[in-house]
Amino acid sequence: MTDTTTLERETASATTIVEHWVGGAPWAGASDRTGDVFNPALGTVQRQVRFATADDMDHAVQVASDAAASWRDVSIAKRQQVMFAFREIVNARKDELARILTNEHGKVLSDAHGEIARGLEVVEFACGLGQLTKGAYSENVSTGIDVYTLRQPLGVVGIISPFNFPAMVPMWFFSIALAAGNAVILKPSEKDPSAANWMAAALTEAGLPDGVFNVVHGDKVAVDGLLEHPEVKAISFVGSTPIARYVYETGTRNGKRVQALGGAKNHMLVLPDADLDLAADAAVNAGFGSAGERCMAISVVLAVDTVADALVEKISERMATLRTGDGTRGCDMGPLITGAHRDKVASYVDVAAEDGASVVVDGRGIEVDGDPNGFWVGPTLIDKVPTGSAAYRDEIFGPVLSVVRVDGYEEGLDLINSGAFGNGTAIFTNDGGAARRFQHEVQVGMIGINVPIPVPVAYHSFGGWKASLFGDAKAYGTHGFDFFTAEKAVTSRWLDPSHGGLNLGFPQHD
């Protein structure tokens with residue numbers, strides 16, 4: 001068995017090919033196609049990742065299907081023990097996993113540790129599956145007849161996870177799917193694939209039977225293999241809105257349950273009575289954490305005119321203290337994931353300026369604490385951004401914070417509600433009435449009141465509205481167990497010895 005320490009050493013080698021993980025061990029499959037995996041802080045290729053063929057996908061699904069047949073009958077107590085053991089392994093070796101995340105994604109080590117902690121919250125929640133999968137029982141609904149419900153696993157489920165949280169997002173889904181008795185095939189981002197294999201090895205060490213959790217790497221071939229295979233019963237996805245829509249439409253057309261979480265353009269409305277120091281801290285933390293590569297990042301500050309100048313000044317002052325550089329050096333913000341993405345993010349600064357915005361802090365070409373060949377864009381602040389600009393409308397997914405000035409609460413609310421996305425939002429105010437009105441009127445799935453990144457805790461559920469979520473089920477929480485199980489309703493009558501005779505009518509309520 002490959003332990004996680006060995007896996008970390010292997011994935012640190014420049015000549016390593018990251019293989020699939022199928023049947024409890026690394027597996028090469030039949031493909032000779034690979035993709036480059038970069039170290040974003042250096043701008044260099046550090047390893048290759050294997051890309052699956054359609055036949056590879058079929059093999060992985062068959063392995064998972066065979067394993068699912070027995071895993072579904074494993075007791076709740078045993079499944080809990082496996083999840084508890086996995087939690088302990090990850091917690092004990094979180095430094096290893098954090099280094100892998102920083103090495104392939106670029107996020108600073110402190111952010112990597114935060115990602116792992118938030119993922120483990122859902123693992124811990126999944127350990128309570130005994131309480132969370134209970135059915136209901138109604139006695140004597142008609143004379144001598146009882147009705148009760150059962151929740152049972154679906155079988156094989158697929159997870160397609162994004163590059164920005166290669167440990168946390170998979171844990172959001174697979175911990176609940178496994179606890180509920182399903183077998184899992186994870187297709188992680190090809191940009192930072194090694195964390196998935198690390199977690200697969202940890203699950204094996206925790207006692208998960210071979211084949212119950214599998215990792216298949218690749219591109220659209222692997223994605224379509226999950227979306228189209230008849231043995232895959234459900235798909236969980238996090239990524240951009242165009243791909244989320246494709247996953248939802250393709251998966252449902254092939255008869256699957258689908259939860260597809262898409263993009264965002266999250267606004268933070270700052271009212272005149274807000275604590276501007278708190279609001280400025282929040283805007284910087286939520287705008288530039290993880291280099292802005294998160295779907296819950298604040299990308300637009302809606303500042304009421306009377307406080308806008310002061311707020312922009314306070315945000316600028318705080319940005320001047322941030323250090324951008326290699327995630328292993330104690331910096332505040334790391335690089336972007338690829339050179340192509342860096343260039344795309346940087347291009348929006350020109351777009352905003354051409355549309356009449358004021359570039360207050362330009363993060364392009366900044367001096368960094370790291371290799372100059374890394375994929376760098378520093379924290380960027382753009383003021384007076386027109387709402388007709390692509391810099392306002394598009395999800396930039398980088399460290400670019402836009403300020404849009406509004407005349408008051410109503411205009412700010414209208415801008416949020418008229419947007420295509422509805423993932424997260426926040427209001428900063430000391431007026432309880434305004435906050436209560438905002439949470440009632442805003443058309444967004446996750447709302448913060450003086451909280452900039454309102455990601456729900458594990459026993460609530462994560463998901464947005466509008467173009468930020470396709471499907472009816474949000475991630476984790478009670479939605480998670482509902483999504484990964486199928487309900488049966490059983491109507492039962494046990495006859496007593498006095499029964500006899502025929503009656504073709506409806507049961508009578510005696």
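**Close-up views of a predicted model**

At 54% relative accessibility, D309 counts as exposed, because the cut-off for that class is over 50%. The structure shown in these views is a predicted model.

**View 1. D309 and R405 form a salt bridge.** The side chains of D309 and R405 meet at a distance of 2.8 Å, taken from N to O. This contact joins distant parts of the chain: D309 belongs to helix α12 (residues 305–319), R405 belongs to strand β17 (residues 400–406), and the two are 96 residues apart. The partners fall into two accessibility classes: D309 is exposed, whereas R405 is partly exposed, with a relative accessibility of 22%.

**View 2. β1, β5 and β4 make up an open sheet.** The sheet has 3 strands, placed in the order β1-β5-β4, and their pairing is mixed. Its edge strands are β1 (17–18) and β4 (34–39), each of which pairs on one side only. Between β1 and strand β5 (residues 44–50) the pairing is parallel and runs over 2 bridges. Which residue of β5 is the bridge partner of V18? The partner is V49.

**View 3. E19 and R50 are joined by a salt bridge.** The closest N and O atoms of this pair are 2.9 Å apart. The two residues come from distant parts of the chain, with E19 in the loop between β1 and β2 (20–22) and R50 in strand β5, 31 residues apart. Are these partners buried or exposed? E19 has a relative accessibility of 18% and so counts as buried. R50, at 12%, is buried as well. The cut-off behind both answers is under 20% relative accessible area.

**View 4. A salt bridge connects E410 with R437.** Here the closest N and O atoms lie 2.4 Å apart. E410 sits in helix α15 (residues 409–418) and R437 sits in helix α16 (residues 432–441), so the salt bridge ties together parts that are 27 residues apart in sequence. E410 is partly exposed at 40% relative accessibility, and R437 is partly exposed at 35%.

**View 5. Four charged residues share a network of salt bridges.** The members of the network are D277, D281, K314 and R318. How many salt bridges does the model contain? The count comes to 25.

**View 6. The rings of W172 and F462 form a tilted pair.** The model contains 12 aromatic pairs. In one of them, W172 and F462, the ring centres are 4.7 Å apart and the planes meet at 45°, so the pair is classed as tilted. The pair links distant parts of the chain: W172 is in helix α7 (residues 168–179), while F462 is in the loop between β20 (446–449) and β21 (465–466), 290 residues apart. W172 is buried, with a relative accessibility of 5%. F462 is buried too, with a relative accessible area of 2%.

**View 7. Three phenylalanine rings form a cluster.** Which residues belong to the cluster? Ring pairs link F86, F174 and F213.

How values were computed. Residues numbered from 1 in each chain as written. Predicted model: local features only at pLDDT ≥ 70, side-chain atom pairs only at ≥ 80, totals over all residues. Heavy atoms only, no water. Pairing = 2+ DSSP bridges. Helix = DSSP H or I, 4+ residues; strand = E, 2+ residues; numbered from the N terminus. Buried < 20%, exposed > 50% of the residue type's maximum accessible area, 1.4 Å probe, protein only. Phe/Tyr/Trp six-rings, centres within 6.5 Å; stacked < 30°, edge-to-face > 60°.
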